Amino acid sequence: MSCVDTKTVLELTIDEVKNMKSGFICTNVQETDLAGHSQNSRWYKELLEIADEKIGEIITLLKEEDILVVMADHGNDPNIRHNRHTRENVPLLIYKKGITGVSLGLRSSLSDVGATVCEYFDVKQPQNGSSFLRFL
């Protein structure tokens, strides 16, 4: 399903997590990108608060073998005085029950996430990227 409203997107994700026996869910929260391009810090903050609440709900639903990856595809600072993508490093947050305080360091590419997903599902590795699954 495709939609833009952050709360709706994450509620749909929660429904999928509740009903899924196994598999892979990829959720794209698009509104933070829109708020960044709009240079609207207040909207950006509100969206982050919604995401924080809903990610907390998702975490409570995860099983021992589940891994939650939260990341951005690029920087988009709403206060930089232009509406183009910014080049800062993007956050990469990983949650897995029972694991705390692991630093994955500064990754050289977002393709590391794809490589990790491939290793987790035991499928052919992509051309680019280094899996960080061993740290989880």
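Partly exposed, in these exercises, describes a residue whose relative accessible area falls between 20%, under which it is buried, and 50%, over which it is exposed. Keep that scale handy as you work through this predicted model.

**Exercise 1. Classify Glu49 and Lys45, then explain how they pair.**

Step 1. Start with accessibility. Glu49 has a relative accessible area of 43%, so it is partly exposed. Lys45 has 47%, so Lys45 is partly exposed too.

Step 2. Check the distance between the side chains. The closest N and O atoms of Glu49 and Lys45 are 2.6 Å apart, and the cut-off for a salt bridge is 4 Å. The two residues therefore form a salt bridge.

Step 3. Look at their places in the chain. Glu49 and Lys45 are about one helical turn from each other, because they lie four residues apart in helix 3.

**Exercise 2. Find what the salt bridge between Glu11 and Lys54 links, and which network holds both residues.**

Step 1. Confirm the pair. Glu11 and Lys54 meet through their side chains in a salt bridge, at 3.2 Å from N to O. This pair links distant parts of the chain, 43 residues apart: Glu11 belongs to helix 1 (residues 6-19) and Lys54 to helix 3 (residues 41-61).

Step 2. Compare the surroundings of the partners. With a relative accessible area of 32%, Glu11 is partly exposed, whereas Lys54 is buried at 7%.

Step 3. Turn to another pair before tracing the network. Arg107 and Asp112 also meet in a salt bridge, at 2.9 Å from N to O. Arg107 is partly exposed at 23%, while Asp112, at 2%, counts as buried.

Step 4. Now trace shared partners. Glu11, Lys54 and Glu57 are joined into one network by salt bridges that share partners. The count for the model comes to four salt bridges.

**Exercise 3. Decide whether buried Glu31 has a salt bridge or lacks one.**

Step 1. Locate the residue. Glu31 sits in helix 2, which covers residues 31-37.

Step 2. Search for a partner. The nearest side chain of opposite charge is that of Lys7, 11 Å away. Since the cut-off is 4 Å, Glu31 has no salt bridge, although it is buried.

Step 3. List what does touch Glu31. Beyond its neighbours within four places in sequence, Glu31 is in contact with Val4, Asp5, Thr6, Trp43 and Leu47.

**Exercise 4. Describe the buried residues of helix 4 and what they pack against.**

Step 1. Pick out the buried positions. In helix 4 (residues 111-120) they are Asp112, Val113, Ala115, Thr116 and Cys118.

Step 2. Find their packing partners. The buried residues of this helix pack against strand 1 (68-71) and strand 2 (92-95).

Step 3. Zoom in on Thr116. Its relative accessibility is 6%, so Thr116 counts as buried. Apart from neighbours within four places in sequence, Thr116 contacts Ser130, Ser131, Phe132 and Leu133.

Step 4. Look just past the helix. Asp122 follows helix 4 and has a positive phi, near 55°.

**Exercise 5. Name the residues of the largest nonpolar core, then follow the contacts of Leu62.**

Step 1. Recall the background. Nonpolar side chains tend to be buried together in soluble globular proteins.

Step 2. Name the members. The largest nonpolar core has five residues: Ile14, Val17, Ile58, Leu62 and Leu68.

Step 3. Follow one member. Not counting residues up to four places away in sequence, Leu62 touches Val17, Leu68, Tyr95 and Lys97.

Key: Residues numbered from 1 in each chain as written. Predicted model: local features only at pLDDT ≥ 70, side-chain atom pairs only at ≥ 80, totals over all residues. Heavy atoms only, no water. Helix = DSSP H or I, 4+ residues; strand = E, 2+ residues; numbered from the N terminus. Buried < 20%, exposed > 50% of the residue type's maximum accessible area, 1.4 Å probe, protein only. Lys, Arg positive; Asp, Glu negative; His and termini not counted. Contact = heavy atoms within 4.5 Å. Core = buried A, V, L, I, M, F, W, Y, C linked by side-chain atoms within 4.5 Å.
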